[in-house]
Amino acid sequence: MADDSNKVVAEARDRFGKGAARKIRAAGKIPAVLYGHGSDPQHLTLPAHQLGLILRKANAVLDLDIAGTSQLALVKDVQKDPVHQIIEHIDLIIVRRGEKVQVEVPVHVEGEPFSGTIVVQDLSTISVEAEATHIPERVVVDVEGLEDGTHIHAADIALPSGVALVSDPEALVVAISTPSAPAAEETEEAEEAAEAEAAETEAPAESAE
């Protein structure tokens, strides 16, 4: 969702290539490209520190100030250095108020299932359609007290008003299961075998005395 904290002053850039990008990043900025709605791509630089804070939220919508003109833009892709995780480049797409977009929204699991069971999360995101300025930061799945065998599908997740599911409604998101008993028995048998082996190893040493 666009708000005052997402207002970003963007500067047009006319330097390209790896060398220019390094100089831009060294100056505390990030190279970016803005495109969409049939317009020519705009090459911009954005403040790195502010963008780092904004991008902590998924599907951030920026209110760009480009030479005094306001433009809403959805963060489409963030390229990071694989080692240092420094943002190297950002792709932005133009959006308009009231326009609907399809995005991947994180699934957040809350609560504790029934005692002795575990939560298996099959999907970390689901695809939804929402107004560009009203994209939910996440959707929540509450597993409090759920018992073994419970399956939560995409269609079961409560979505905010105005948000529609795009993912397959039957897609399995979360399942509650009980760890298999054989696995626990095997662990117990392995521990007993290790103890017996340790006892046999110590026995000769005692008799030698």
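How many salt bridges does the count come to? In this predicted model, the count comes to two salt bridges, and each can be followed along the chain with the structure in view.

One of these pairs is formed by Lys29 and Glu11, whose side chains meet in a salt bridge with an N to O distance of 2.9 Å. Distant parts of the chain are linked by this pair: Lys29 belongs to strand β2 (residues 29-36) and Glu11 to strand β1, 18 residues apart. Lys29 has a relative accessibility of 27% and therefore counts as partly exposed. Glu11 is likewise classed as partly exposed, because its relative accessibility is 40%.

The side chains of Glu137 and Lys57 also meet in a salt bridge, here at 3.9 Å from N to O. Glu137 sits in the loop between β9 (125-131) and β10 (139-142), while Lys57 sits in the loop between α2 (48-54) and β4 (61-66), so this pair ties together parts that are 80 residues apart in sequence. With 48% relative accessibility, Glu137 counts as partly exposed. For Lys57 the value is 42%, so this residue counts as partly exposed too.

Another lysine worth a look is Lys7, which is found in strand β1 (residues 7-12). Its relative accessible area is 47%, which means that Lys7 is partly exposed. Which residues does Lys7 touch, not counting those up to four places away in sequence? The contacts of Lys7 outside that range are with Gln50 and Asp63. In space, Lys7 and Leu72 are 9.3 Å apart, C-alpha to C-alpha, although 65 residues separate Lys7 from Leu72 in sequence.

Charge also gathers on the surface, where Glu110, Glu112, Asp142 and Glu144 make up a patch of negative charge. Within this group, Glu112 lies in the loop between β7 (100-110) and β8 (118-121). Is Glu112 exposed or buried? Glu112 counts as exposed, because its relative accessibility of 57% is over the 50% cut-off.

The backbone offers two further points of interest. Most residues other than glycine have a negative phi. Ala67, which is not a glycine, nevertheless has a positive phi of about 55°. This alanine, Ala67, is placed in the loop between β4 and β5 (69-80). Ala67 is exposed, because its relative accessible area reaches 79%. Gln85 likewise has a positive phi, with a value near 60°, in a residue other than glycine. The loop between β5 and β6 (87-94) is where Gln85 lies. At 46% relative accessibility, Gln85 falls short of the 50% cut-off for exposed residues, so Gln85 counts as partly exposed.

These local features can be placed in the setting of the whole chain. The protein contains three helices and 13 strands. Of its 209 residues, 31% count as buried. The protein exposes about 12700 Å², and carbon and sulfur atoms supply 50% of that area. How much of the contacts in the protein with a separation of 6 or more is accounted for by residues 24 or more positions apart? Such residues account for 61% of those contacts. The pair of Glu137 and Lys57, in which the partners are 80 residues apart in sequence, is a good place to begin viewing links of this kind.

Methods
Residues numbered from 1 in each chain as written. Predicted model: local features only at pLDDT ≥ 70, side-chain atom pairs only at ≥ 80, totals over all residues. Heavy atoms only, no water. Patch = residues over 30% accessible without salt bridge, like charges linked within 9 Å, V, L, I, M, F, W, Y side chains within 5 Å. Areas by Shrake-Rupley, 256 points an atom, 1.4 Å probe, with all protein chains shown as cover. Salt bridge = Lys/Arg side-chain N within 4 Å of Asp/Glu carboxyl O. Lys, Arg positive; Asp, Glu negative; His and termini not counted. Charge placed at Lys NZ, Arg CZ, Asp CG, Glu CD. Helix = DSSP H or I, 4+ residues; strand = E, 2+ residues; numbered from the N terminus. Buried < 20%, exposed > 50% of the residue type's maximum accessible area, 1.4 Å probe, protein only. Contact = heavy atoms within 4.5 Å.
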